[in-house]
Amino acid sequence: MAYKDLREFIEELERRGLLKRIKTPVSAELEITEITDRVSKFKDERNVALLFENVKGYDMPVLMNMFGSYERMSLALGVEKLDDVADEISEILKIPYISLQNKINLVNLIPMARKAINFPKYIKNPPCREVIEENPNLDKIPILKCWPLDGGPFITLPLVVTKNPRTGKRNIGMYRLQKYDSKTLGMHWHIHKNGAENFRDAKTDGAEKIEAAVAIGTDPVLTYAATAPLPRDIDEMVFAGFLRHKSVEMTKCLTVDLEVPANSEIVLEGYVSTGELRREGPFGDHTGYYSLADDYPVFHVTCITHRKNPIYAATVVGKPPMEDCYLAKATERIFLPLLKQMLPEIVDINMPLEGVFHDCIIVSIKKSFPMHARKVMHAFWGMGQMMNVKMIIVVDSHINVQDLSEVAWRVFNNIDADHDLEIVHGPLDVLDHSSPMAKWGAKLGIDATKTWPEEGHSREWPEEIEMSPEVKMRVNLMWKSFGLD
């Protein structure tokens, strides 16, 4: 199902009983965060999306926690479960040999691949321009201050649009924005992000500024696409078109040469000065700790457009599990087929919620040669944003990596600390506070696979305890008679 806009998704959430309207007056400073944090930690039907309709001092309602469960994340992507997207990608990635035996597959798969590509459509008079603010004023938007030590209010769910000045290629990423005053925001793009690369190229080329636009409150697929770790040359809106099986409607901005999703609730237009830095942060981040204050570029807002009666979409991050964890789990499942394409030995992966994306990944592999686990570790560390993963745990193919208890049992029992730990140095996520040096440090690989004699294990490896299949079958046939269910 492709949602036309955020409002259609809200209607679907409400129809399914997955959204709660909060009519009690609440403050955008800390109170919405505290309510949302409590709700996001519920492990039952109380964990719902929240629409705050009475935010003190503002006319706009605030939507929170719309992605905050596996059910809502799947619903946002229009699937029954997240693996459904991966299954579709797996089918498209099948490249059959051209032969008489597989000619039917070839005929079927080529149209499927063509159908997967939905380029954006450009429209005039979009909903996001129902209202044009002649004097743009950020004070009208209920931008949240989330945590007590935050440097100020932050826009936390923005789609930030820039173009590379050399190639003209568009990038849409999600970079938080700290509100300084009614017309300026801090642009927090990390050094490894494509938006930061566009900024650096503009600065190197001698430009005084780079144009930017910020879309807030889009169809949820578009919001997810802005968070996805796509290769540099893949347009996020083409990827969104694949996910929603329908082209994304885009429109030209009024004051900058950029395009934004036509059905956005709010659009900020402006520029980022290449010669200006301002203190940004601290910010209560998804690690569960505050990211420290630092100097970042400044986004100057020159125009604001929005829909009539706009809805402000936001999120809050902090100690997991929170809403951002489910966005990350969507990425884990969706990009698994691509990882398998590059590393066919992979069976499954799990990026635990507690690892907050970049701190831990567990991978099961079909081990076929000595030191195979090491090969997989180093392949991951050399792959895009995987370069930031601080800990990689490798287990054998029959291990369920989604069962953390089973993984822990294997790690605790199978490793020899002298032989099975791989420590390397390399890039770390900017938010990693544990390393003595910013942006780089030591990373750990744990080989929890069965150690082979060829890997230096001269002792006999014991057999795992398993009941015989015959006894299991006999007990299965008698089970009801025991009255133990």
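User: Two strands count as paired if DSSP finds at least two bridges between them. In this predicted model, which residue is the bridge partner of T184 in strand 17?
Analyst: Strand 10, covering residues 184-187, pairs with strand 17 in the antiparallel sense. Three bridges connect strand 10 and strand 17, which satisfies the requirement of at least two. Within strand 17, the bridge partner of T184 is H300.

User: Which residue of strand 17 is the bridge partner of E133?
Analyst: Strand 5 comprises residues 131-133 and pairs with strand 17 over three bridges. The sense of this pairing is antiparallel. The partner of E133 in strand 17 is I304.

User: How many bridges join strand 14 to strand 17?
Analyst: Strand 14 spans residues 266-280 and runs antiparallel to strand 17. One residue opposition between them places G270 across from V301 of strand 17. The number of bridges joining strand 14 to strand 17 is 11.

User: How many residues of strand 17 are buried?
Analyst: Strand 17 extends over residues 294-306 and is mostly covered. A residue is buried when its relative accessible area is under 20%. By that criterion, the buried count among the 13 residues of strand 17 is 10.

User: In the open sheet of order 4-12-13, which strands stand at the edges?
Analyst: The sheet consists of three strands, and its pairing is mixed. Each edge strand has a single partner strand, so one side of each is left without a neighbour in the sheet. The edge positions belong to strand 4 (121-122) and strand 13 (259-261).

User: Which residue of strand 12 does K121 stand opposite?
Analyst: Strand 4 and strand 12 run parallel and are joined by two bridges. Strand 12 covers residues 249-252. Opposite K121 in strand 12 stands E249.

User: What radius of gyration does the protein have, and why does it agree with that of a compact globule?
Analyst: For 485 residues, the value expected of a compact globule is near 23 Å. The C-alpha atoms fill a box of roughly 75 × 60 × 55 Å along the principal axes. The radius of gyration of the protein agrees with the globule value, because it is 25 Å.

User: What share of the contacts with a separation of 6 or more is accounted for by residues 24 or more positions apart?
Analyst: The protein contains 13 helices and 23 strands, and 52% of its 485 residues are buried. A contact requires heavy atoms within 4.5 Å. Of the contacts with a separation of 6 or more, residues 24 or more positions apart account for 70%.

User: How far apart do the centres of the positive and negative side chains lie?
Analyst: There are 59 positive and 70 negative side chains in the protein. The distance between the centres of the two sets is 4 Å.

User: Which residue does a cis peptide bond join to P282?
Analyst: P282 is located in the loop between strand 14 and strand 15 (283-284). The bond has an omega of about 0 degrees. The residue joined to P282 by this cis bond is G281.

User: Is H245 buried or partly exposed?
Analyst: H245 lies in the loop between helix 8 (236-244) and strand 12. Its phi is positive, at about 55 degrees, although H245 is not a glycine. The partly exposed class lies between 20% and 50% relative accessible area. With a value of 45%, H245 is partly exposed.

Conventions:
Residues are numbered from 1 along each chain as its sequence is written. This is a predicted model: local features need pLDDT of at least 70, side-chain atom pairs count only at pLDDT 80 or more; totals for chains, interfaces and linings use all residues. Side-chain values use heavy atoms; hydrogens and water are left out. Helices (H or I, at least four residues) and strands (E, at least two) are DSSP runs, numbered from the N terminus. Buried means under 20% relative accessible area, exposed over 50%, partly exposed in between (1.4 Å probe, protein chains only). The radius of gyration is taken over C-alpha atoms; the globule rule is 2.2 Å times the number of residues to the power 0.38. Lys and Arg count as positive and Asp and Glu as negative; His and the chain ends are not counted. The place of a charge is taken as NZ of Lys, CZ of Arg, CG of Asp or CD of Glu.
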